[in-house]
Each structure stands twice: as structure tokens, then as C-alpha cells.
Amino acid sequence: MKLENSKFVDKFTMFAAKFGNQIHLRSLRDAFATVMPLYILAGLAVLLNNTAFKWIFSGDTLAQVQYWGITIANATLNISGLIIAAVIGYSLAVNREFENPIAAAMISLASLVVMMPNTVEVVPDGAEKAVSVSGILPFANIGTGAMFAGIIIALLSTELFIKVSRIKKLKVNLGDSVPPAVGKSFNVLIPVIIVLSVFAVGSALLFNLTGMNLINLITTFIQEPLRHIGTGLWGCIILYSLGNMLWLFGVHQSIIYSSILEPLLIINITENIAAFNAGEAIPNIINVSQVTTFGLIGGSGSTICLLIATFLVGRNAATRNVAKLAAAPGIFNINEPVIFGYPIVYNIAMAIPFVLVPSLGILISYIATSIGFISPCVSLVPWTTPPLVSAFLATAGDWRAVVVQALVIVIGVLIYIPFVKINDKVLAKQAEN
């Protein structure tokens with residue numbers, strides 16, 4: 001049995017190492033590692049806005065202090081689509097050994113904006129109806145909702161830009177008498193015109209033939225079909241797992257979770273609160289507090305389990321250092337250091353436990369609730385509430401829920417342990433290349 005397990009680990013390690021070294025995936029991994037400080041800062045701002053500031057301040061003072069965190073979010077998460085497009089373009093150009101990676105970053109960013117709608121629907125402050133506005137790029141189109149589009153456009157535009165730029169007949173050579181920056185700029189003048197024009201034609205055709213844009217397509221053909229899946233046990237697990245799978249590709253899981261699943265889960269918890277206050281039977285086992293309490297332990301992927309597993313069996317110095325850095329924010333379910341530093345993004349060795357552990361947490365808590373072992377969640381607790389405390393508060397003080405959450409953590413650690421070992425071997429293998 002040990003021999004078979006060893007063969008599986010070795011084969012899985014070789015496949016993961018080869019898969020991880022694929023140039024596009026390597027470029028994506030490099031890009032997300034580059035922007036990691038922004039997400040760490042965003043996580044810190046969210047933590048302070050939702051915990052410490054609320055403990056210290058209230059009323060207008062709280063709103064004024066939280067303005068700091070809001071501006072941080074605007075400068076990081078809310079423009080993450082633009083940021084990641086530019087950094088991916090740069091990283092892919094570097095890995096392709098292209099002589100002008102800054103130009104690749106520029107064309108990636110410009111190509112993404114070209115695909116954006118010229119007119120958007122917005123709701124003015126204090127109004128009830130949306131109005132059409134032109135000449136703006138709303139955060140909804142350039143933030144986390146545009147990350148998937150940013151990745152696709154950056155890869156396509158950079159590859160096309162590099163191929164066109166390497167056609168000698170398209171280069172404008174001004175000679176050695178001009179400054180190097182000017183010379184590089186004119187060398188890619190025609191390729192820039194060609195690539196951006198191609199994407200502009202695509203955007204125009206998309207709008208004129210279908211009345212849609214890239215963001216509309218993602219919403220219509222990815223988000224909306226998923227919206228019809230119910231919030232029963234298996235519908236919730238499927239949607240939540242799909243959301244976590246997006247993280248594996250560097251896309252924020254909020255594209256699925258926040259826009260599709262969470263609103264319905266919030267309705268469920270409000271019904272539970274009303275029933276609890278009225279002394280009636282609690283109607284919904286699946287709700288937002290149940291999912292976050294048992295399926296978001298330490299953040300997406302229940303990565304508190306990964307941190308514990310890393311401290312127990314991890315041997316790679318880099319991942320252990322990331323685990324030390326991520327421990328404090330992880331207690332408050334903020335795990336950007338783990339997502340982008342460990343990393344989880346484009347790390348096939350971590351894919352299975354990252355998706356499986358949260359699903360098991362939801363399933364175990366559902367079963368425990370349905371058989372009456374623990375009380376249903378009847379309180380809307382902030383997602384930044386630390387583990388064990390969150391279970392106690394969400395169930396209105398049921399200590400058995402704390403036991404179940406602790407059991408979920410133990411099971412999660414046991415699941416993560418073999419994959420931590422695999423990841424260590426993958427990193428060692430990649431270091432040899």
C-alpha cells in the first residue's frame with residue numbers, strides 16, 4: 001500500500017511540476033505573486049474596517065475612519081481587473097524573452113479597456129432607478145468581476161503583440177541617434193496599432209451584432225445559468241466549489257459566490273432570525289452563516305487547515321514562512337497571503353484539498369444540523385469572526401457547534417497533510433530545473 005501511495009505521489013508530483021512550468025501558467029503565477037502585496041494590504045484594510053474599527057468607533061466617526069479602508073479597497077480589489085491584465089502582459093513578455101515587456105503590459109491594459117462597454121447602467125446615490133451613463137469605467141467592470149476577462153485578454157493580446165512585433169518589416173527603426181526609450185517605442189508602433197485595432201474590431205462586432213460586451217458575455221453565459229441552481233445542499237456545495245475553483249485560476253471567488261449564492265443565503269439567514277425571534281421552527285439549514293462558519297474556516301479553501309498542516313509536516317522553508325505570515329490574518333479568515341504566497345493560485349498540488357475541505361465542512365455541518373446534533377445558524381456573524389467563536393455565535397450559543405467546527409478543522413488538516421507533502425516535492429523538483 002505504501003509503495004502504491006509512493007508511486008501516486010511521484011507521478012502526481014511529476015505531472016504537477018510539468019503542468020506548473022507551462023509558460024502561460026507560470027506567467028499567471030508570476031503575475032499574481034507580483035500583485036500579492038496589494039491583496040495583503042486589502043485584506044488588512046478589510047480586517048480593520050470590520051473588526052478593530054467597529055470595536056473602537058461608532059456612528060459618524062466610524063464611517064469617517066472606515067473611509068481609509070474603502071480607499072484601500074478602491075486602489076486594490078476594485079481595480080484588480082486592470083492591474084492583473086497589465087501585470088500578466090508584462091510577466092508573459094518576460095517569460096517569452098520579449099525585449100519590451102512594458103509595451104506588452106500597456107497593450108494588455110488597453111486591450112481590456114477596449115472590450116469594456118461605452119455606456120453603463122448606474123444607480124445615483126439616493127435614487128431607485130438606474131440611468132445610462134457614458135464615459136466611465138465602474139468598479140464593477142474593472143474590479144474582481146473583470147479579472148477573468150483581464151486574464152484572457154492579457155494572454156491573447158500579449159501573444160499576438162509579441163508575434164506581430166517580431167515581424168521585422170513592421171518595425172520602425174529610427175537608428176542609434178535617438179534615445180533608447182524612443183527607439184523601442186517606435187519599434188512597436190505598428191504592432192500596437194494592429195493589436196489594439198484587432199481587439200477594437202472585436203469589441204465593435206460584439207456590440208453591433210449582439211448588443212453585448214465581454215462583461216455581459218461572462219455574466220450571461222457563466223453567471224446567470226449558475227444562478228438558477230438552488231441553494232439546497234448540493235446546489236450550495238456545487239456553487240461554492242466552483243467559486244473556490246476560480247481561485248485556482250487567480251479569479252476571485254466572489255464572481256460566483258457574492259453575485260449568485262450569497263444573496264440567496266442572506267435571505268435564508270434573515271428568515272431564520274425572524275423564526276428564531278418568533279419562537280418558530282428554523283426553516284433553513286443552508287444559509288450565509290452556516291456556509292461561512294463551516295466552509296470558510298481561515299478563508300476560502302478553509303486554509304486554516306492548510307496552515308496547521310504546513311506547521312505539522314511542511315518542510316519547504318518558503319511555504320513555512322508564508323504560513324507564519326498568514327497565521328494572524330488567517331485567524332480572521334483573511335487568506336490572501338496563502339492564496340498568492342503559498343501559492344494556491346495555479347498550484348495543482350493544492351487543488352483537491354482547497355475545493356474538497358470546504359465542501360466537507362458544509363456537508364458535515366448540514367448533517368449535524370439535520371439530525372438535531374447542533375442548532376441551526378440563527379445569527380448573521382461577520383465573516384471575519386475567528387473560528388470556534390463564529391460557530392458559537394452563529395448558533396446562538398450552542399457549544400456543540402464549536403465541537404463540530406473543531407472536528408471539521410481536524411478532518412481538514414488530515415486531508416491537507418498529504419498534499420502539503422506533494423507540494424514540497426513539487427517545489428523541490430521545480431527548484432532543480
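## A walk through the predicted model

A positive surface patch is formed by Lys163, Arg166, Lys168 and Lys171, and it offers a convenient place to begin reading this structure, which is a predicted model. One of these residues, Lys168, is found in the loop between helix H7, which covers residues 147–165, and helix H8, which covers residues 180–187. Because its relative accessibility is 72%, and a value over 50% is what exposed stands for here, Lys168 counts as an exposed residue.

Before going further along the chain, it helps to have the whole protein in view. The protein has 19 helices and two strands, and of its 433 residues, 48% are buried. The surface that the protein exposes comes to about 20500 Å², with carbon and sulfur atoms supplying 68% of that area. As for the way the chain meets itself, among contacts between residues at least 6 apart in sequence, 70% join residues at least 24 apart.

A second surface patch, this one nonpolar, is made by Leu174, Val182, Phe186, Leu189 and Ile193, and its area is about 380 Å². The elements that give two or more residues to this nonpolar patch are H8 and helix H9, the latter spanning residues 189–210. Leu189, one of the residues of the patch, lies in helix H9. Is Leu189 buried, partly exposed or exposed? Its relative accessible area is 38%, and since the partly exposed class lies between the 20% limit for buried residues and the 50% limit for exposed ones, Leu189 is partly exposed.

From the surface patches the reader can turn to buried positions, and Ser80, found in helix H4 (residues 80–95), is one to look at. With a relative accessible area of 1%, Ser80 is buried, because that value is under 20%. Which residues does Ser80 contact once its neighbours within four places in sequence are left aside? They are Tyr39, Ile142, Gly143, Thr144 and Met147, and the last of these, Met147, carries the number at which helix H7 (147–165) begins.

A further buried position is Gly235, whose place is in helix H11, made of residues 233–248. Its relative accessibility is 12%, which is under the 20% limit, and therefore Gly235 also counts as buried. Gly235 can be considered together with Leu261, for the two are 26 residues apart in sequence, while from C-alpha to C-alpha they are 9.4 Å apart in space.

Notes: Residues are numbered from 1 along each chain as its sequence is written. This is a predicted model: local features need pLDDT of at least 70, side-chain atom pairs count only at pLDDT 80 or more; totals for chains, interfaces and linings use all residues. Side-chain values use heavy atoms; hydrogens and water are left out. Patches are made of residues with over 30% relative accessible area and no salt bridge: like charges are joined within 9 Å, nonpolar side chains (Val, Leu, Ile, Met, Phe, Trp, Tyr) within 5 Å. Accessible areas come from the Shrake-Rupley method with a 1.4 Å probe; for residues, only the protein chains shown count as cover. A salt bridge is a side-chain nitrogen of Lys or Arg within 4 Å of a carboxyl oxygen of Asp or Glu. Lys and Arg count as positive and Asp and Glu as negative; His and the chain ends are not counted. The place of a charge is taken as NZ of Lys, CZ of Arg, CG of Asp or CD of Glu. Helices (H or I, at least four residues) and strands (E, at least two) are DSSP runs, numbered from the N terminus. Buried means under 20% relative accessible area, exposed over 50%, partly exposed in between (1.4 Å probe, protein chains only). Contact means heavy atoms within 4.5 Å.
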